[in-house]
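Got the viewer open and the selection box ready? Here is a stop-by-stop route through the model.

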Amino acid sequence: MFTTRGETLRTRSTMTFAVTGITALAAIGLTPTTAGAATNAAKPRAQADFNGDGYPDLLITAPTTEVRGKANAGALALLYGSAEGFRNDRAVVLDPSGPHVPPLKEMWDSHGKDHGDLDRDGYDDLISGTNVYFGGKEPGFTGSAVLNPGSVLSPRTRVRDLKIGDLNGDGKPDAVVAVDNSVPGSEPTKTGIVAMFGPFDRTGKPAYKGTFRDTLAKDGFRPRGLAIADMTGDGRSDIVVRDFHYPDGPIATLLTTSPTGALLPTGSKFATGDGPFEFGDINKDGYLDLVSGDPQAYSGPGSPEGEVHVTYGGPKGVHETLKPQVLVQGKDGIPGADESFDAWGRTVTVGDTNGDGYADIVIGAPTEDGATDAQKDTGAITVLRGGPTGITGTGAKALTQNSTGIPNTAEREDHFGSDVALIDSDKNGRPELYVGGYGEDAYTGRAWKLPISATGVIGGTGSTDFGLSDLTTRPEDYKSLRFGAVLYH
């Protein structure tokens, strides 16, 4: 959710922490896999491919759409990649009247959502909360189940986040769940991390019983969010756990993993953002780096502007000498101004946009104001380039609907930049940038496709936009609301 003027705000923090003493989870008795040397080759996880054709797919939410007269029913557009990229005539629009449809009204953001081939049938599956929706060759999702961690969780446990990775390096998908059940009326009290080891069957049952880590009792924090990627380059997923709260803003703890599936302490804690996590090799050193937006960060009372955190990976997880960066509009060559209520960093996406081998960051600011009151909360995006020393202001660019070639015009409450996604939908080696604007056309919502040239120019000739009505043969069934709120890939 966006920060409003009535919400409690917190102070921007640029602190970096290094602590020890986090006790590892006990080994769970899995058959050990071969623990080879560090591969030192950053490999961001493949984007979602729900129909198994080798091309990445894109989900676009319209969470409050009216469906055949039923208000706030919600709808979801599933766009399939192909040699021709995304084609409107191949899109599938899902709504609650169909089978195996995710909880559309709850899909406001990417927290608690992930993807992976849990049952190893060749099709990626969508995870939302503890629910899994199975992909398949046919359009849409072919089945659904609830992930079942056995006796570790009670039915009333509150899931904060869930992510998929390969914790023990056996090539099979595992799940990590952040839970916080310490609320009135919730029994038994559970606050911590659950690890479940796959593969999973079609009922959601893991191959191995899960383990629970009471982080509140043993480590002193409540898990609020998760990110999973191989930051150490050893072929196993590492786990970034964002604390529930901290006086100076969110703090992340890094856990590495072992061939037995145990979670091991690294002694690393560092400042992070409160928005979604993304990974990419920004400085091209062979290790994945962590990017997180923090739209509620502020530099003075009552004026949250937003910032973006970059934490660099290395052999021990967090780079030992390359310091984290805190990116702010109007500083270090970054375009724009650090203004109140921009929500800069509400959304981020990471990828190489100019073919130089360094991952770049695209940042959404959906409540960025234009020059006049008629352009209040119109929204904007910022493109920052990676390089040998990390993110720099060199080549940075800010784009709005008023930028050359981008369709439509920046208007009040368009919320352009409500989400952003870099996807190579046609696998030509060069991604396209997709931008959501859920407030466009009186909150009907639209999405934009901005092509990227071989030299890294984003937008311009070939830029297009589309709404939910453009993706269905029965547009009369849908009164779209907030299409483009989330672009999930």
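Start with strand 7, residues 125-128, and add strand 6: the two pair in the antiparallel sense over four bridges. Keep in mind as you go that this is a predicted model. For one register point between these strands, pick Lys113, which stands opposite Ser128 in strand 7.

Now widen the selection to the whole sheet. Four strands make up an open sheet, ordered 6-7-8-9, and the pairing is antiparallel. Which strands sit at the edges? They are strand 6 (113-116) and strand 9 (143-146), each of which pairs on one side only. Look along the sheet and you can check the turn between neighbouring strands, which is 20° on average, ignoring direction.

**Next stop: strand 26**

Select residues 380-385. This is strand 26, and it is mostly covered, with six of its six residues buried. Colour the two faces separately: Ala380, Thr382 and Leu384 lie on one side, while Ile381, Val383 and Arg385 lie on the other, and all of them are buried.

Then bring in the partners. Strand 25 (residues 360-365) runs antiparallel to strand 26, and five bridges join them; here Ile361 stands opposite Leu384. Strand 27 (residues 392-399) also pairs with strand 26 in the antiparallel sense, over four bridges. Click Thr382 and look across to strand 27, where its bridge partner is Ala398.

Follow the chain from strand 26 into strand 27 and you trace a hairpin with six residues between the two strands. Stop at Gly390 in the turn, where phi is positive, at about 110°.

**Into the cores**

Show side chains for Leu58, Ile60, Leu79, Leu468, Leu471 and Phe483. Within the largest nonpolar core, which has 21 residues, these touch the most other members. Strand 2 (58-62), strand 4 (75-79) and strand 28 (416-423) each supply at least two residues of this core. Give a new colour to Leu59, Leu94, Leu104 and Leu126, which are among the 18 residues of a second, separate core.

**Charged pairs**

Switch to the charged side chains; the structure holds 18 salt bridges. Begin with Arg224 and Asp274, whose closest N and O atoms are 3.3 Å apart. How many residues apart are they along the chain? The answer is 50: Arg224 is in strand 14 (residues 223-229), and Asp274 is in the loop between strand 17 (263-271) and strand 18 (277-280), so the pair links distant parts of the chain. Turn on a surface to compare the partners: Arg224 counts as partly exposed at 33% relative accessibility, whereas Asp274 is buried at 12%.

Move on to Arg412 and Glu413, which meet in a salt bridge at 3.8 Å, N to O. Both partners are partly exposed here, with Arg412 at 38% relative accessibility and Glu413 at 28%.

Finish with Glu476 and Arg474, whose side chains meet at 3.6 Å, N to O, in another salt bridge. Is Glu476 buried or exposed? Glu476 counts as exposed, because its relative accessibility is 55% and the cut-off for exposed is over 50%. Arg474 is partly exposed at 44%. Extend the selection to Arg68, Asp95 and Asp477, and you have the network of salt bridges that links them with Arg474 and Glu476.

Definitions and conventions:
Residues numbered from 1 in each chain as written. Predicted model: local features only at pLDDT ≥ 70, side-chain atom pairs only at ≥ 80, totals over all residues. Heavy atoms only, no water. Core = buried A, V, L, I, M, F, W, Y, C linked by side-chain atoms within 4.5 Å. Buried < 20%, exposed > 50% of the residue type's maximum accessible area, 1.4 Å probe, protein only. Salt bridge = Lys/Arg side-chain N within 4 Å of Asp/Glu carboxyl O. Pairing = 2+ DSSP bridges. Axes fitted to C-alpha atoms, helices over the stretch in contact; angles between N-to-C directions.
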